[in-house]
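Hi,

Here is the structure I promised to pass on. Have a look at it first, and my notes follow underneath.

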Amino acid sequence: MSEKHLSSQFDSDLNNISSQLMEMGGLVETQIQRAIQALARFSVALAEEVMHAEDRVDVMEIAIDHALTSVIARRQPAARDLRLLLAISKITTNLERVGDEANKIARMVKSIVEHGEARKMPIGDLRLASDLAAGLIRRALDAFARLDVNAAVTILKEDDMIDCEFKGFTRKLITYMMEDPRTISDSLDLLFLAKAIERIGDHAKNIAEFIIYIVKGTDVRHSSLPQIESALQN
Amino acid sequence: MIESKPPGGLPGIENKPSAAGTRVDASPAVEKSWNTVRNPDVPRFLALFIFVLLGAGISSLAFPASPPIGRGVLPGGLLGFLAWLFYDGWQARRLLDWLGRLQKSSAALAATPLPARLPHFWREIAERMERLLRQQQRALQKQRLLTENLVDALQASPNGVIMLDAARGIEWMNLSASRHFGLDERHDVGQAITHLIRDPVFVACLASRDFANSINSIVLTSPCSNAHRPLRLSLRLCPYGADRLLLLSQDITQIEQAEAMRRDFIANVSHELRTPLTVLAGFVETLQTLPLGEDQRQDYLARMERHALRMQTLVADLLVLSRLEDSPPPGLAPWTPAHTLLAACAAEARALSELLARETKTKTHRLHFPETHGLGEIAGNAQELQSAFINLVGNAIRHTPPGSRVDVLWQNNADGSATFAVRDDGPGIAPEHLPRITERFYRVDSGLSRESGGTGLGLSIVKHVLQRHGATLDIDSAPGQGACFSATFPAARVRAQAALPPGAGPREA
């Protein structure tokens, strides 16, 4: 049992966990895509597909947590390895939440279609925000695979765009509600939908922050962009 | 004493081995087939012999007093041998230096020439080594050229190619692949493919290792696809070598779009045919079951006739379209004078305008056609061209309010081409409709155009006819600004009219 063999076994353990995380990421991405398509086409079938696949995301979360526990217990990692494992644990939680949001969107779409009223509402505006959010999650996962700090910082910057879209959409819904109080219940549905999309963007931002944590070792949560950039330059 | 300074004696003696060397140089045939070369040991030992003999000779000449075989000759021969050993080692050293230089500048075999005037034995070694190196370099060059060609060929492929190693890491990818999947072709090498292409279906297929049976390719949306530029990919996994995989991706966006268009087309045709059929069936049932007065019967029959006619025109248009698609493009003959086409077009347009005015009890359109003869002649299928022109003018009449002005223009351009244009002062077309307006059954305002007797195929027919004649269709319009449809025919299909009195004589066939 040479030192090298142990460490290569450890490497393969880490790779395994990363692969599992990526697989979970892929699943969550598909969930978002399907939920967005369900919204665009008002397709109940797609929405139900999303709701069925939710369990698989949960199962993967538990599997990754289990693998993490066993690696930490057996290898007692330090430094970057430890940061990587901790970050994976948190990213997993974030991804699971993203899956939940996708599920929420799907449920909302289903109820909107069943009520058959919201078609007159400004749903087209949500397309852009939802595409942005899906793109952010995809790029966050890409940045994790490549451990690319620059891409992570870009994601942090772009999350603001989704927030702006969300605010604009809220204002628009308010005008609808003021014009015709009968649209209030539909508007509220749409507001929750928009909130779910906005939350997906936030989770992408969290993942990006963990990538910076893994590579640079600095915890950049709850700091402003200029702070993060100056921390990265040091 | 003399033997104590061998470098001084060397140049004179060196001539002999180098003379042997030049002899080999002079016979390149021997040098080429170096397996058959004479034993190179012979000149070397000849040199040894000469050295020893010279040493012994010089020493016996220097000390003539001593007996010939004894103290003078033996040490002289020994010293000669030592001198030879030194000389031989020095030559070997030169060869070694040359090798050292070659190693440092590994590629430049031509830039490091052999050390000059090497004695035959060492020269033979050096030359053989040089030849071996050259051979290997040539083989390597060939191999490199082949590899480069292969890589270039793979890069030129419009399909994405990714080579995966046994651990499913990316070994190499071409430009198309990096574009298809949004990968970085340099930095992503070595990454596990499932970390970057995370689609669950793809990951499951990769994990199943069942590639031989995966005849059905995986279809997925590219990660870089967005609403503006959708990108759908068809992936295939082909195993090769020792547990390696080739991942091929093909852009099937257009194929899928064409498929969707075909589906839409069939759905539209069915819909367009079903509407009048439903009406007809309704009237037939009414006529069969209800006792009706003569007036009502006539009214119903007239309506049935109208719907039957609509179906007839639709089917006729569909047949025209399919004929346009199937038949070969028209040649550069016969030539038809533009004014005959325009005259026929004018007659039909006036008839249509009057018919519409009578039906809706409104004014006719103000139609303006160029009256001059000698507009030139145009080559192609006169019937097709006429139907295209009439379609364009008919559209202008149908889609503008009664009393609008419709101008038909014919213009011979400076570069020899000619333009047929129909301009109206109607409501115009919104920009979002313009890219799709020539699609089959695309209607800007579905209710309105069906009312006025359009089939939704007119502009498709126009576009097809013009394409077959190498012409281009330009639509220039903005809401409230009217619309101008202009067809520009290439110079090859246009010529000035033969000098004939207007309307007289047979035209060239």
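**What I found**

Before anything else, bear in mind that this is a predicted model. I'll take chain A first, then where it meets chain B, then a few pieces of chain B.

Chain A is helical throughout its assigned elements: it has seven helices and zero strands, so the pattern along the sequence is simply α-α-α-α-α-α-α. Of its 234 residues, 41% count as buried. Its contacts reach well along the chain: among those between residues at least 6 apart in sequence, 80% join residues at least 24 apart.

One helix pair in chain A is worth a look. Helices α5 (149-179) and α6 (184-216) pack at an angle of about 170°, their axes 9 Å apart, and are therefore roughly antiparallel to each other. Sorted by class, the residues in their contact are 19 nonpolar, three polar and six charged. E158(A) sits in α5 of chain A. With 17 other C-beta atoms within 10 Å, E158(A) comes out as partly exposed. Its C-alpha atom is 8.8 Å from that of L132(A), although the two residues are 26 apart along the chain.

As for cores, the largest nonpolar one has 81 residues, and I137(A), A140(A) and A208(A) have the most contacts inside it. Leaving out residues up to four places away in sequence, I137(A) touches E29(A), I32(A), V98(A), I200(A) and A204(A). There is also a second, separate core of 37 residues, which includes A346(B), L352(B), F389(B) and A483(B).

Now the contact between the chains. Chain A puts in 16 residues and chain B 13 residues. On the chain A side, the elements giving two or more residues are α1 (3-41) and α4 (124-146). The largest share there, nine residues, comes from α1(A). By class, that side of chain A has seven charged, five polar and four nonpolar residues.

In chain B, I started with strand β1 (160-164). Which residues lie on its covered face, and which on the uncovered one? G160(B), I162(B) and L164(B) are on the covered face, while V161(B) and M163(B) are on the uncovered one. That fits the usual picture, since side chains in a regular strand alternate between the two faces of the sheet.

β1(B) has antiparallel pairings with two strands that I looked at. Five bridges join β1(B) to β5 (244-251) of chain B, and within β5(B) the bridge partner of G160(B) is S249(B). Three bridges join β1(B) to β2 (170-173) of chain B, where L164(B) stands opposite I170(B). The hairpin of β1(B) and β2(B) has five residues between the strands, and R168(B) there takes a positive phi near 65°.

Further along chain B, three strands form an open antiparallel sheet in the order β6-β8-β13. β6 (335-337) and β13 (494-495) of chain B stand at the edges with a single partner strand each, so one side of each has no neighbour in the sheet. Three bridges join β6(B) to β8 (377-379) of chain B, and these two run antiparallel. One of the facing pairs is T336(B) with I378(B), its bridge partner in β8(B). Helix α11 (338-360) of chain B packs on this sheet, touching β6 and β8 of chain B, and its direction makes about 60° with that of β6(B).

Cheers

Conventions. Residues are numbered from 1 along each chain as its sequence is written. Chains are lettered from A and ligands numbered from 1 in the order in which they are written. This is a predicted model: local features need pLDDT of at least 70, side-chain atom pairs count only at pLDDT 80 or more; totals for chains, interfaces and linings use all residues. A residue is buried if 20 or more other C-beta atoms lie within 10 Å of its own, exposed if 12 or fewer, and partly exposed in between; C-beta atoms are placed from the backbone. Helices (H or I, at least four residues) and strands (E, at least two) are DSSP runs, numbered from the N terminus. Two strands pair if DSSP finds at least two bridges between them. A nonpolar core is a set of buried Ala, Val, Leu, Ile, Met, Phe, Trp, Tyr and Cys residues joined through C-beta atoms within 7 Å. Two residues are in contact if their C-beta atoms, placed from the backbone, lie within 7 Å. Ala, Val, Leu, Ile, Met, Phe, Trp, Tyr, Cys and Pro count as nonpolar, Asp, Glu, Lys and Arg as charged, and the others, Gly among them, as polar. Axes are lines fitted to C-alpha atoms, for helices over the stretch in contact, and angles run from 0 to 180 degrees between N-to-C directions. Angles under 35 degrees count as roughly parallel, over 145 as roughly antiparallel, 65 to 115 as roughly perpendicular and the rest as oblique.
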